[in-house]
Amino acid sequence: MATVTVAGVVLAAGKGTRFRSDLAKVLHPAAGRTILRWVLEALRPLELDRVVVVVGHQGEAVAAEAEAAGLPGLRTVRQDEQNGTGHALRAAVDSGALQGAETVLVLPGDVPLLTAAPLRALLDAHDGHGTLLTTELDDPTGYGRVLRDAGGVRAIVEERDATEEQRGVREVGVSIYAFAHKALAEALHRLSTDNAQGEEYLTDVVEIMAPAGVGAILIEPGEVAGVNDRVQLADAGGVLRRRILERLMRDGVTVVDPATTYVAPEVTVGPDAVLLPGTHLEGATSVGAGATVGPGARLVDTTVEDGASVTYSVLLGARVGPGAKVGPFAYLRPGARLERGAKVGTFVEVKGSVIGEDSKVPHLSYIGDTTIGRGANVGAATVTVNYDGFEKHQTVIGDGARIGSDTMLVAPVSVGADAYTGAGSVITKDVPEGSLAVERGEQRVIEGYAERKRKRMAGDDAAV
Ligand code: UD1
Ligand code: CA
C-alpha cells in the first residue's frame with residue numbers, strides 16, 4: 001500500500017463565547033497546559049507530516065501558543081472572520097497548507113481530554129470520502145445529532161436546527177473527522193449559511209458526502225467532550241490532573257491525597273517519592289527518588305534531588321540538593337541552591353545564593369546573592385544586606401563559619417572560614433578566617449532602675 005500522507009487540522013479560531021472571557025477559549029489552562037496544547041499533544045504521537053492550526057480570535061496569541069508546542073510540520077492559517085466550522089476548515093484547505101496530503105484529519109481546538117488512540121482508530125477505519133467519530137450521550141444538549149438511515153450516516157443536524165424528534169437522538173458528532181482531501185475541498189465549496197446560526201457548518205459536509213458513503217466510529221464519550229464553558233473546563237482539568245497522578249502512582253510515587261495534589265504534565269517524580277496533601281508541582285519541576293514534598297508546597301521550575309524534603313514552602317526556580325531540607329515556611333526564589341544535606345528553615349527567604357553542603361540557615365533570615373561554604377551555621381534573624389538602593393552586592397561566608405544571631409552582613413562583604421560574628425553585629429568589613437568580629441555598643445547596667453521607676457510612677461518625687 002502506498003503511504004497516505006495525513007495532514008491534521010485543528011480548528012481554533014473561535015472566541016468561545018460561553019467562556020465569557022477576554023482570553024480566547026483555547027488559551028485557557030487546564031492542569032498546567034492550555035486547552036490547545038493538550039489537543040496538539042494528542043496529535044504528537046501520530047507523527048503527522050503537517051499540522052495546520054486555524055487561528056482567528058486573538059490569532060497572534062493562539063498562533064504563538066501553537067508554535068510553542070514545537071510539533072514538526074506545524075503551520076498556522078488565519079480565518080479572518082469566524083463564519084463557522086466549515087468556513088474555518090475551508091480557510092485551511094484554500095490556503096494551500098494541506099498540499100500533498102491525501103487525508104485530512106480534522107479536530108476542534110476545545111477537546112483537552114483527547115488522546116491519540118481514537119484518532120488512530122479513526123484513521124485506520126477511514127477509507128472513502130469521509131469518516132467521523134461519534135459518541136452517545138445521556139444528555140446530548142448542544143451537540144450535533146447524528147442522523148442515520150439504512151445506508152448509514154445521512155447527516156448531522158445542529159441542535160438549533162433540529163426538530164423535536166431529532167433532538168431526541170443521543171448519538172452526536174464530536175467534530176473529529178477524517179476526509180479524503182479532494183472530496184473535502186469540493187464539499188466545502190458547496191456549504192451554505194442557510195441555517196439557524198447563519199454559519200458555514202462543517203457538519204453539513206456529512207450530508208454532502210453521504211451519497212458516496214460516510215463512515216462513523218462510535219466511541220466512549222470520555223475523551224471527546226468539548227469544553228464550552230468554565231464549568232466543563234474545571235471538570236476536564238480534574239480528569240487531566242487525575243491522569244497525571246495515576247501515571248506517577250503506577251511509576252512508584254506515593255500520592256497521599258490525589259484530590260489535593262496538583263502536578264503539571266511535564267513534571268518528573270522519582271520512585272518512592274511522597275507527595276503529601278496540598279502539593280503543587282508546576283512547570284519544569286523534578287522531584288528525586290525518595291524525596292518528600294508537602295504538606296502545603298508550591299514548586300515552580302524547581303529541582304528537588306533524592307531524599308530531600310520540602311514542607312509548607314514556596315520554591316521558584318530553586319534547586320534542593322540530595323537529602324537537603326526546606327521549611328516549614330521557607331521561600332526559595334530563583335537561583336537558590338542548596339547543596340547536599342543543607343537546611344533552610346522557618347521564615348527564611350533565599351535568592352540567588354548557594355547554601356553549601358551541610359550548612360544551615362534555620363530561622364528568620366534573608367539570604368540574597370550569597371555563597372555559603374560547607375558546614376556553616378547562620379544564626380536566627382541574620383540578614384545579608386545585599387542592596388544599597390542602586391546595586392546588588394555579594395556576600396561570601398566561608399566553610400564552617402558561625403554567624404551569630406541577628407547579624408547584618410552589609411555586602412559586599414566576606415566572612416572567612418571558621419570565623420565568627422557576634423550576635424547583633426552589623427558587619428561592614430571583611431572578617432578574616434578563624435577570627436571573631438563583634439560590632440555593638442558596650443552594655444551599660446543601671447542598678448536599681450526598676451525600683452526607682454516604680455516609685456516615680458507612684459508620685460514619690462523624693463525618690464527621683
Ligand atoms: C461543533 C459541531 C457540533 C459538534 C460539537 C462537538 C458544527 C457546526 N458543530 O459545535 O456538531 O457536536 O462541535 O464538540 O461544526 N471554530 C473556528 N472557526 C469558527 C467557528 C469555530 O475555528 O468560525 C472552532 C472553535 O474555535 C472550536 C471548534 O471550531 O475549537 C468548534 O467550535 P464550537 O463553537 O465549539 O462548536 P460547537 O458549537 O461545540
Ligand atoms: Ca465545542
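In the predicted model, an oxygen atom of ligand 1 is placed 2.6 Å from an N or O atom in the side chain of Glu-158. Taken alone, ligand 1 exposes 760 Å², of which the protein buries 89%. Two further side chains approach the ligand through polar atoms: that of Gln-79 has such an atom 2.7 Å from a nitrogen atom of ligand 1, and that of Arg-18 has one 3.4 Å from an oxygen atom of ligand 1.

The shell around ligand 1 consists of 24 residues, and Leu-11, Gln-79, Thr-85, Glu-158 and Gly-173 are the closest. By class, this shell holds eight nonpolar, 12 polar and four charged residues.

Ligand 1 is located in the largest pocket. Two or more residues of the ligand shell are supplied by each of β1 (6–12), α3 (85–94) and β10 (171–180). The largest share, three residues, is contributed by β10.

The largest pocket itself encloses about 1300 Å³ of space. Its lining comprises 40 residues, with Arg-18, Lys-25, Thr-85, Asp-110 and Asn-228 nearest the centre of the pocket. The elements that give two or more residues to this lining are β1, α3 and β10, and the largest share, four residues, again belongs to β10. The lining is made up of 13 nonpolar, 18 polar and nine charged residues. Arg-18 and Thr-85 thus appear in both descriptions: Arg-18 places a polar side-chain atom 3.4 Å from a ligand oxygen, Thr-85 is among the residues closest to ligand 1, and both are listed among those nearest the pocket centre.

Note on methods:
Residues are numbered from 1 along each chain as its sequence is written. Chains are lettered from A and ligands numbered from 1 in the order in which they are written. This is a predicted model: local features need pLDDT of at least 70, side-chain atom pairs count only at pLDDT 80 or more; totals for chains, interfaces and linings use all residues. Side-chain values use heavy atoms; hydrogens and water are left out. A residue is near a molecule or strand if one of its heavy atoms lies within 4 Å of it. A polar contact is a pair of N or O atoms within 3.5 Å; within protein, one must be able to donate a hydrogen and the other to accept it, and residues adjacent in sequence count only if both atoms are side-chain atoms. Accessible areas come from the Shrake-Rupley method with a 1.4 Å probe; for residues, only the protein chains shown count as cover. On a 1 Å grid over the protein atoms alone, a cavity is a set of points where a 1.4 Å probe fits but cannot get out, and a pocket is an open set with protein on both sides within 12 Å along at least five of seven lines; lining residues have an atom within 4 Å of a point. A molecule sits in a cavity or pocket if more than half of its atoms lie within 2 Å of its grid points. Ala, Val, Leu, Ile, Met, Phe, Trp, Tyr, Cys and Pro count as nonpolar, Asp, Glu, Lys and Arg as charged, and the others, Gly among them, as polar. Grid points are joined across faces, edges and corners, and a volume is the space filled by probe spheres set on the points.
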